[in-house]
Amino acid sequence: MTVDTSGPGPSDDPAERVEDRARRQAEDRARRQAEDRARGQAEGRAEDRARDQAEGRARGQAEGRAEDRARDQTEGQARDQAPDQAEDREPGTGAGLSERDRDVLAVERRGWPGPGAKERAIRERLGISPTRYYQLLNALLDDPRALEHDPVTVNRLRRIRDERRERR
């Protein structure tokens, strides 16, 4: 029995092996370039999403500050136009304090496990930024109506504020 080795089959021709190797290398190079492009596009999309989210947060914060200013202006104008109603109310019922002022004192009256929970509650309950909250709170500490409404909380916060000032 003899085996016929003629006809199509693997070639031992070195020229064909070089051509096959060059073709495989070109295919590998094209595949890697396609993978790199896809990876770059995915990274670019991730960067775009992160940038869009950051811009959205910044836009939301700016809108929140603008809303706070508008609300403060409106409340200030209403306070200026309204007659003083402090005499009509009983002491200790928040005489003359706005609802938001009473809410600020209520948030501060409560004990908090950490700053994150308190800041979250400030944003959710009051709809203002923590910075604005502390500005309002500091102004309330000097307001005699706040002292009349919640003397324990106001006196405690005044003591803390005075101690911090003395340390400086």
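In this predicted model, Asp-28 is partly exposed, its relative accessible area being 32%, and Arg-31, at 44% relative accessibility, likewise counts as partly exposed. The two residues are joined by a salt bridge in which the closest N and O atoms are 2.9 Å apart. Both of them belong to helix 1, which spans residues 14–81, and their separation of three residues corresponds to about one turn of that helix.

A second salt bridge brings together the side chains of Glu-108 and Lys-118, with a distance of 2.9 Å from N to O. Because Glu-108 lies in helix 2 (residues 99–109) while Lys-118 lies in helix 3 (residues 115–126), this pair ties together parts that are ten residues apart in sequence. Glu-108 and Lys-118 are both buried, a term that requires a relative accessible area under 20%.

Helix 2 also takes part in a further pairing, in which the side chains of Arg-109 and Asp-150 meet in a salt bridge at 2.6 Å, N to O. Here the link is between distant parts of the chain, since Arg-109 sits in helix 2 and Asp-150 in the loop between helix 5 (144–149) and helix 6, 41 residues apart. The two partners can be described separately in terms of their accessibility: Arg-109 is partly exposed, with a relative accessible area of 43%, whereas Asp-150 is buried, with a relative accessible area of 8%.

Returning to the pair in helix 1, Asp-28 and Arg-31 are joined with Glu-35 into one network by salt bridges that share partners. The structure as a whole holds seven salt bridges, among them the pairs Asp-28 with Arg-31, Glu-108 with Lys-118 and Arg-109 with Asp-150.

The packing of two helices can be considered next. The axes of helix 4 (residues 130–141) and helix 6 (residues 151–167) come within 10 Å and cross at roughly 105°. Because angles of 65 to 115 degrees count as roughly perpendicular, helix 4 is roughly perpendicular to helix 6. On the side of helix 4 the contact is made by Leu-137, Asn-138 and Leu-141, and on the side of helix 6 by Val-154, Leu-157, Arg-158 and Arg-161. Sorted by character, the residues of this contact between helix 4 and helix 6 comprise four nonpolar, one polar and two charged.

Technical notes. Residues are numbered from 1 along each chain as its sequence is written. This is a predicted model: local features need pLDDT of at least 70, side-chain atom pairs count only at pLDDT 80 or more; totals for chains, interfaces and linings use all residues. Side-chain values use heavy atoms; hydrogens and water are left out. Axes are lines fitted to C-alpha atoms, for helices over the stretch in contact, and angles run from 0 to 180 degrees between N-to-C directions. Helices (H or I, at least four residues) and strands (E, at least two) are DSSP runs, numbered from the N terminus. Angles under 35 degrees count as roughly parallel, over 145 as roughly antiparallel, 65 to 115 as roughly perpendicular and the rest as oblique. Contact means heavy atoms within 4.5 Å. Ala, Val, Leu, Ile, Met, Phe, Trp, Tyr, Cys and Pro count as nonpolar, Asp, Glu, Lys and Arg as charged, and the others, Gly among them, as polar. A salt bridge is a side-chain nitrogen of Lys or Arg within 4 Å of a carboxyl oxygen of Asp or Glu. Buried means under 20% relative accessible area, exposed over 50%, partly exposed in between (1.4 Å probe, protein chains only).
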